[in-house]
Amino acid sequence: MISAAVWAGISLLFVIGLAGTIIPGVPGVGLVFAGVLVYGVVTDFTILSVPTVILFGIVAVLAWLADYAGSAVGSKLGGGNKKALAGTVIGAIVGAFAGPLGIFIGAFLGSLTGVLLEGKNSHQAAKVAFYSVLGTLGATVIQFILALAMIIAFLVIVF
């Protein structure tokens, strides 16, 4: 039997983790995985087996990778090259310090700057920057869905 304090801790990890998929700087899916891992350890992996926890870990890593791949894929689809991609990543990281909206603004401005440094015109730069932001937004949605799916799968397995 798990204590109320452990359940509260796991629930808190899930809630903060789910919010963290949207809030930059908070390792959202990682916190959800931490909640799963805590449950596994506390119950000696009797209900949630080691292979199942490893599967949750793989999903968490894939979601983490989606975060980085989203803006890159968006930038590439928009026609951006290495400087655009670097600008997108740097802009998103710097923008993250300004809050949730900052990551999108930073990705846009970083990509825009990168494309202009590549020597492309302002119309092409705006297109690439727009696609970069769409990629970042898509990655955020994917992370949220995967985190929510992990929580639902956990609840189905445990209950």
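## Phe 14 and its ring partner

Phe 14 is buried, because its relative accessible area is 8% and the cut-off for buried is under 20%. This is a predicted model, and the values here are computed from it. Phe 154 is buried as well, with a relative accessible area of 0%.

Six aromatic pairs are counted in the model. A pair of aromatic rings is described by the distance of the centres and the angle of the planes. In one pair, the rings of Trp 7 and Phe 159 are stacked, because their centres are 5.6 Å apart and their planes meet at 25 degrees. This pair joins distant parts of the chain. Trp 7 belongs to helix α1, Phe 159 to the segment after α6, and 152 residues separate them. How exposed is Trp 7? Trp 7 counts as partly exposed, because its relative accessibility is 25%. Phe 159 is exposed, at 69% relative accessibility.

Phe 14 and Phe 154 also pair, but edge-to-face. Their centres are 5.1 Å apart, with 80 degrees between the planes. This pair too links distant parts of the chain: Phe 14 sits in helix α1 and Phe 154 in helix α6, 140 residues away. Ring pairs join Phe 14 and Phe 154 with Trp 7, Tyr 39 and Phe 159 in a cluster.

## The nonpolar cores

In soluble globular proteins, nonpolar side chains tend to be buried together. Here the largest nonpolar core has 18 residues. Phe 14, Val 36, Tyr 39, Leu 48 and Phe 154 have the most contacts inside this core. Four helices give two or more residues each: α1 (4–20), α2 (28–42), α3 (50–78) and α6 (122–158). Helix α6 gives the most, with five residues.

What does Tyr 39 touch beyond its neighbours within four places in sequence? Its contacts are Ile 2, Trp 7, Ile 10, Ile 47, Leu 48, Phe 154 and Val 158. A separate core lies apart from the largest one. This other core has five residues, including Ala 92, Ile 103, Phe 104 and Ala 107.

## The largest pocket

The largest pocket has a volume of about 590 Å³. Its lining counts 26 residues. Nearest its centre lie Pro 24, Gly 25, Asp 67, Tyr 68 and Ile 103. Ile 103 is thus named twice: in the lining of this pocket, and in the core of five residues.

Which helices supply at least two residues of the lining? They are α2, α3, α4 (82–96), α5 (100–117) and α6. Helix α3 gives the most, with five residues. By residue type, the lining divides into 16 nonpolar, nine polar and one charged.

## Gly 114 in helix α5

Gly 114 lies in helix α5. Is Gly 114 buried or exposed? Gly 114 is buried, because its relative accessible area is 4% and buried means under 20%. Leaving out residues up to four places away in sequence, Gly 114 touches Lys 83 and Ala 84.

Gly 40 is 74 residues from Gly 114 along the chain. The C-alpha atoms of these two glycines are separated by 45 Å.

Terms used:
Residues numbered from 1 in each chain as written. Predicted model: local features only at pLDDT ≥ 70, side-chain atom pairs only at ≥ 80, totals over all residues. Heavy atoms only, no water. Core = buried A, V, L, I, M, F, W, Y, C linked by side-chain atoms within 4.5 Å. Buried < 20%, exposed > 50% of the residue type's maximum accessible area, 1.4 Å probe, protein only. Contact = heavy atoms within 4.5 Å. Phe/Tyr/Trp six-rings, centres within 6.5 Å; stacked < 30°, edge-to-face > 60°. 1 Å grid on protein atoms, 1.4 Å probe; cavity = no way out; pocket = protein on both sides within 12 Å on 5 of 7 lines; lining within 4 Å. Points joined across faces, edges and corners; volume = space filled by probe spheres on them. Nonpolar A, V, L, I, M, F, W, Y, C, P; charged D, E, K, R; others polar.
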